[in-house]
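This briefing accompanies the structure shown below. It proceeds from a surface feature to the overall fold, and then to individual residues and charged pairs.

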Amino acid sequence: MLSAYARAYGLNGCSLRFSNVYGAHCEQKESVVALFIRMAFAGEALSIYGDGTQTRDFIYVEDVCQAIALALEKQLDGEVFQIGTGVETSIRVLLQKLEVEIGRPLRKVFQPPRPGDVARSVADISKAQEILGYAPKVSLEDGLRRTWSWFQAWKESSALQSTSTSNSMAGGA
């Protein structure tokens, strides 16, 4: 469809297919990283569907921005690129790395696998590397560290805003 639109109207364009994006400003996102972090803050048990060996390709938002910028620089006609890290990470490994960043173990509840859930998912980024010059730079450990730090600051800011609003409504300073 993109290719047809490009030919019909003389526009260049491409499609970027992102793997599992995480990072700052994803507090409302339902991705596994954002969901696990919100649940960790709330002290809730994390639901793991299946045995945790299912894999995903987790990409930090900064690397997504890099891919978008590279694609904008090119004159592409309907190309499709997978944007990820090319690294397959199990949910169990993700949790272990997240526990290191948080500094404590997380409560987990293993649920039956969800029907239709994909067992393995990893992006083939070779085309993006070759044509766009794309190379992800942020490791999962560094990305989780940055994401956890952002969420901590966001929670503190939200709590301060909530306290400030409550105080002003109650006539406090």
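Which residues make a nonpolar surface patch of about 350 Å²? In this predicted model, the patch is formed by Y5, Y9 and L11. The protein has 173 residues, of which 36% count as buried, and its secondary structure consists of 6 helices and 8 strands.

**Overall architecture**

- Along the sequence, the helices and strands follow the order α-β-β-α-β-β-β-α-β-β-α-β-α-α.
- Of the contacts between residues at least 6 apart in sequence, 87% link residues at least 24 apart.
- The protein has an accessible surface of about 10000 Å², and carbon and sulfur atoms account for 53% of that surface.

**The nonpolar patch and its loop residue**

- L11, one of the patch residues, is located in the loop between α1 (2-9) and β1 (13-18).
- L11 counts as partly exposed because its relative accessibility is 43%, a value between the limits of 20% and 50%.

**Helix α2**

- Helix α2 spans residues 32-42, and its buried residues include V33, A34, F36, I37, M39 and A40.
- Residues three or four places apart in an α-helix point the same way, because each turn takes 3.6 residues.
- G43 follows α2 and has a positive phi, near 75°.

**Buried residues with distant sequence partners**

- F81 belongs to strand β6 (residues 77-83) and counts as buried because its relative accessibility is 0%.
- Beyond four places in sequence, the contacts of F81 comprise C14, S15, L16, R17, L76, K127, A128, I131 and L132.
- For one of these contacts, A128, the C-alpha atom is 5.7 Å from that of F81, although the two residues are 47 residues apart along the chain.
- G52 sits in the loop between β3 (46-49) and β4 (55-56), and it too is buried, as its relative accessibility is 0%.
- With residues up to four places away in sequence set aside, G52 touches S90, I91, R92 and F110.
- The C-alpha atoms of G52 and P113 are 9.4 Å apart, with their positions 61 residues apart along the chain.

**A buried acidic residue without a salt bridge**

- D63 lies in helix α3 (residues 61-73) and is buried, yet it has no salt bridge.
- The nearest side chain of opposite charge to D63 is that of K137, at 6.2 Å, which is beyond the 4 Å cut-off for a salt bridge.
- A polar atom of the D63 side chain is nevertheless 2.9 Å from the backbone nitrogen of K137.
- Apart from neighbours within four places in sequence, D63 contacts Y134, P136, K137 and V138.

**Salt bridges**

- Side chains of opposite charge can pair when their charged atoms come close.
- The structure contains 9 salt bridges, among them one between K127 and E79, with an N to O distance of 2.7 Å.
- K127 is in helix α5 (residues 126-132) and E79 is in strand β6, so this pair ties together parts that are 48 residues apart in sequence.
- Both partners are partly exposed: K127 has a relative accessible area of 32%, and E79 has a relative accessibility of 28%.
- A further salt bridge joins E88 and R120, whose closest N and O atoms are 2.6 Å apart.
- E88 occupies the loop between β6 and β7 (89-90), and R120 the loop between β8 (108-111) and α5, so the pair ties together parts that are 32 residues apart in sequence.
- E88 is partly exposed, with a relative accessible area of 29%, whereas R120 counts as exposed at 61% relative accessibility.
- R145 and E101 also form a salt bridge, with 3.4 Å between the closest N and O atoms.
- Because R145 lies in helix α6 (residues 140-169) and E101 in helix α4 (residues 91-102), the pair ties together parts that are 44 residues apart in sequence.
- R145 counts as partly exposed at 40% relative accessibility, whereas E101 is buried, with a relative accessible area of 18%.
- E62, E101, D142, R145 and R146 are joined into one network by salt bridges that share partners.

Key:
Residues numbered from 1 in each chain as written. Predicted model: local features only at pLDDT ≥ 70, side-chain atom pairs only at ≥ 80, totals over all residues. Heavy atoms only, no water. Helix = DSSP H or I, 4+ residues; strand = E, 2+ residues; numbered from the N terminus. Buried < 20%, exposed > 50% of the residue type's maximum accessible area, 1.4 Å probe, protein only. Contact = heavy atoms within 4.5 Å. Lys, Arg positive; Asp, Glu negative; His and termini not counted. Polar contact = N/O pair within 3.5 Å; in protein donor to acceptor, adjacent residues only side chain to side chain. Areas by Shrake-Rupley, 256 points an atom, 1.4 Å probe, with all protein chains shown as cover. Patch = residues over 30% accessible without salt bridge, like charges linked within 9 Å, V, L, I, M, F, W, Y side chains within 5 Å.
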